[in-house]
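Here is a short briefing on one protein model. Look first at its sheet, then at its helices, then at its pocket.

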Amino acid sequence: MKNFKLNRDDVIFLFIDIQDKLLKAIDNREGVLKYSKILAEVSDIMNMDKLVTVQYAKGLGHTNGELMEILEADEIDKKTFSCMLNEEFKAKLEEKNKKQVILSGIESHICVLLTARDLIAAGYEVFVAADAVGSRSKFNYHNSLDLMRDMGCVITNTESILFDLNSLSGTDEFKKVQNLIK
C-alpha cells in the first residue's frame with residue numbers, strides 16, 4: 001500500500017525550474033509561485049532539506065528572485081528534463097539520504113512528471129503539491145496529475161503538507177507555519 005504520511009525526518013523539498021522566463025508562460029503561474037514560496041518558507045522554518053534546479057540557466061535564466069530570497073540555496077543547472085538524469089542532482093539527493101520528496105515546479109507535464117517517474121523508479125516516495133506545479137495549458141496540467149497519481153505519487157496540496165509535517169498544534173513552529181496560510 002502506498003504511504004500517504006509524511007515523516008519530517010525523511011522529507012526533502014524539490015523546487016524544479018521555477019524560472020521567470022518559464023513562469024510567464026504558465027497558466028496558473030500566480031499559484032505556482034505563491035505556493036512554492038510557502039513551501040520554501042516551511043522548509044526554512046522547519047530547517048528541512050531542499051534542492052533547487054534550473055533548466056538551462058544560460059538560456060532561461062535563474063530561479064525567480066522572490067523565491068530564491070527565501071530558499072537561499074544553490075541551484076543545480078540541468079539540461080535534462082528529468083532531474084534524475086543529472087549526475088550532480090542525483091549525487092546531492094543521495095547525499096541528503098531522504099526517502100520522501102515533495103515536488104513543486106514547472107512544467108508539471110515535462111520536468112516535474114519525468115522527475116517524479118524516475119524518483120519512483122529509484123524507490124523514493126513522491127508527494128506532488130498540486131497547487132505548486134503548473135503547465136502552459138490546463139489540459140497538460142490535469143493530465144500530468146493523473147499520470148503522476150497512476151505512477152504512484154501522492155497528489156496533495158500545500159496546506160495538507162504543512163499540517164502533515166506539523167501534526168501538533170500550539171507549538172511555536174506550528175504557529176509560524178500556520179501564519180503562512182492566513
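Two strands count as paired if DSSP finds at least two bridges between them. In this predicted model, five bridges join strand β1 (residues 11–16) to strand β2 (residues 49–55). The two strands run parallel.

**The sheet**
- Strands of a sheet pair through backbone hydrogen bonds, either parallel or antiparallel.
- Here, six strands form an open sheet with parallel pairing.
- Their order is β3-β2-β1-β4-β5-β6.
- Which strands lie at the edges? They are β3 (75–78) and β6 (154–156), and each pairs on one side only.
- From one strand to the next, the twist averages 25°.
- Within the β1 and β2 pair, Ile 12 stands opposite Asp 49 of β2.

**Helices on the sheet**
- Helix α7 (residues 138–151) packs on the sheet and touches β5 (125–134) and β6.
- The direction of α7 makes about 170° with that of β5.
- Helix α8 (residues 158–165) lies across β1, β4 (100–106), β5 and β6.
- Helix α8 runs at about 135° to β5.

**The largest pocket**
- The largest pocket holds about 170 Å³ of space.
- Which strand gives the most to its lining? Strand β2 does, with four residues.
- β2 and α5 (87–96) each supply at least two lining residues.
- The lining includes Asp 49, Leu 51, Ile 76 and Glu 95. Asp 49 is also the residue opposite Ile 12.
- By class, five lining residues are nonpolar, six are charged and none is polar.

Notes: Residues numbered from 1 in each chain as written. Predicted model: local features only at pLDDT ≥ 70, side-chain atom pairs only at ≥ 80, totals over all residues. Heavy atoms only, no water. Axes fitted to C-alpha atoms, helices over the stretch in contact; angles between N-to-C directions. Contact = heavy atoms within 4.5 Å. 1 Å grid on protein atoms, 1.4 Å probe; cavity = no way out; pocket = protein on both sides within 12 Å on 5 of 7 lines; lining within 4 Å. Points joined across faces, edges and corners; volume = space filled by probe spheres on them. Nonpolar A, V, L, I, M, F, W, Y, C, P; charged D, E, K, R; others polar.
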